[in-house]
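I opened the model to look up a few local features and how they sit together. The entries below follow the order in which I went through them.

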Amino acid sequence: MSVIPESGMNFGKYDEKDLFHIETSEIYKKLGDGIPTVEFILKYNGNNIVFLEAKKSCPNVANRYESKEKELKFEEYYGSITEKFISSLQIYLAAIMNRYQDTSEIGDNLRSVSNMKDVKLKFILVVKNAEDITWLAGPLAELRARLLKVRKIWGVEVVVLNEELAGEYNLTCGCMK
């Protein structure tokens, strides 16, 4: 069972068969610099494959245009997360299509997906210090808009959670690594 500490939260405990810790993988390292990824990919709750990105904070959509600096940081933040989700999906799909020499780092249950038609893909952003549920609607709307093409092509669901909600979905744990 694995626990993944990230952005001040502990994610897990996950069975290795359901996990691809993409951010620390040899597959990722061999691709070289310039390809951002999410923290990890998880076979979750039956036929869900979750691409999880964790952050300590998130810019407020309502304050986006208050200054040039805030607008720039907003664009950097959401551009980066969007790129991480898309790159991670591509790396995962390339891996299960045997485009890489060694895919042993990918858990058996993620590697052996034979029928993608039955799989639900989910991009999940967990923001540790996010306010209440209503506040999460802004980042969710922003990511859904930026990921529209990928959502249409792959049927990806986009979810934004705070630490409390992530715990309710058993994505985080109060455990230590």
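I began with the segment after H6, where I found Asn170; helices (H or I, at least four residues) and strands (E, at least two) are DSSP runs, numbered from the N terminus. Asn170 has a positive phi of about 60° although it is not a glycine. I looked up its exposure: Asn170 counts as exposed because its relative accessibility is 57%, where exposed means over 50% relative accessible area, buried under 20% and partly exposed in between (1.4 Å probe, protein chains only).

Before going on I noted the ground rules. The model is predicted, so local features need pLDDT of at least 70 and side-chain atom pairs count only at pLDDT 80 or more, while totals for chains, interfaces and linings use all residues. Residues are numbered from 1 along each chain as its sequence is written, and side-chain values use heavy atoms, with hydrogens and water left out.

Entry: other backbone points. I checked Asn98, which lies in the loop between H2 and helix H3 (108-111). Asn98 comes just after H2 and takes a positive phi of about 60°, again in a residue other than glycine. Asn98 counts as exposed because its relative accessibility is 62%. I then found a cis peptide bond between Gly12 and Lys13, with omega at about 0°. Lys13 is part of strand E2.

Entry: Ser2. I placed Ser2 in strand E1 (residues 2-6). Ser2 counts as buried because its relative accessible area is 14%. I listed its contacts (heavy atoms within 4.5 Å), leaving out residues up to four places away in sequence: Ser2 touches Phe11, Gly12, Lys13, Tyr14, Glu16 and Leu19. Both residues of the cis bond, Gly12 and Lys13, are thus listed among the contacts of Ser2.

Entry: helix H2. I took its span next. H2 has 29 residues and runs 42 Å from its first C-alpha to its last; this is close to the expected 42 Å, the expected span being 1.5 Å times one less than the number of residues. Ser88 sits in this helix. With a relative accessible area of 0%, Ser88 is buried. Beyond its neighbours within four places in sequence, Ser88 is in contact with Ile22, Pro36, Thr37, Val38, Ile41 and Phe51. Between Ser88 and Lys149 I read 61 residues in sequence and 15 Å in space, C-alpha to C-alpha.

Entry: the nonpolar core. Which residues have the most contacts inside the largest nonpolar core? I used the set of buried Ala, Val, Leu, Ile, Met, Phe, Trp, Tyr and Cys residues joined through side-chain atoms within 4.5 Å. The largest such core has 54 residues, and those with the most contacts inside it are Phe11, Ile41, Ile49, Phe51, Leu52, Tyr92 and Leu171. Elements that give two or more residues to this core include strand E4 (40-44), strand E5 (48-55), helix H2 (68-96) and helix H6 (163-168). H2 gives the largest share of this core, eleven residues. I followed Leu171 further: residues up to four places away aside, Leu171 touches Asn10, Phe11, Gly12, Tyr14, Leu42, Tyr44, Leu52, Ile124, Leu161 and Ala166.

Entry: the largest pocket. I noted a volume of about 150 Å³ for the largest pocket. A pocket here is an open set of points on a 1 Å grid over the protein atoms alone, where a 1.4 Å probe fits, with protein on both sides within 12 Å along at least five of seven lines; lining residues have an atom within 4 Å of a point. The volume is the space filled by probe spheres set on the points. Tyr44, Asn45, Asn48, Lys122, Ile124, Glu157, Val159, Leu161, Tyr169 and Leu171 form the lining. E7 supplies the largest share of the lining, three residues.

Entry: Val159 and Leu143. Val159, one of the lining residues, lies in strand E7 and is buried at a relative accessible area of 17%. Apart from residues up to four places away in sequence, Val159 touches Phe123, Ile124, Leu125 and Leu140. The C-alpha atoms of Val159 and Leu143 are separated by 8.8 Å. I placed Leu143 in helix H4 (residues 137-146), where Leu143 counts as buried at 0% relative accessibility.
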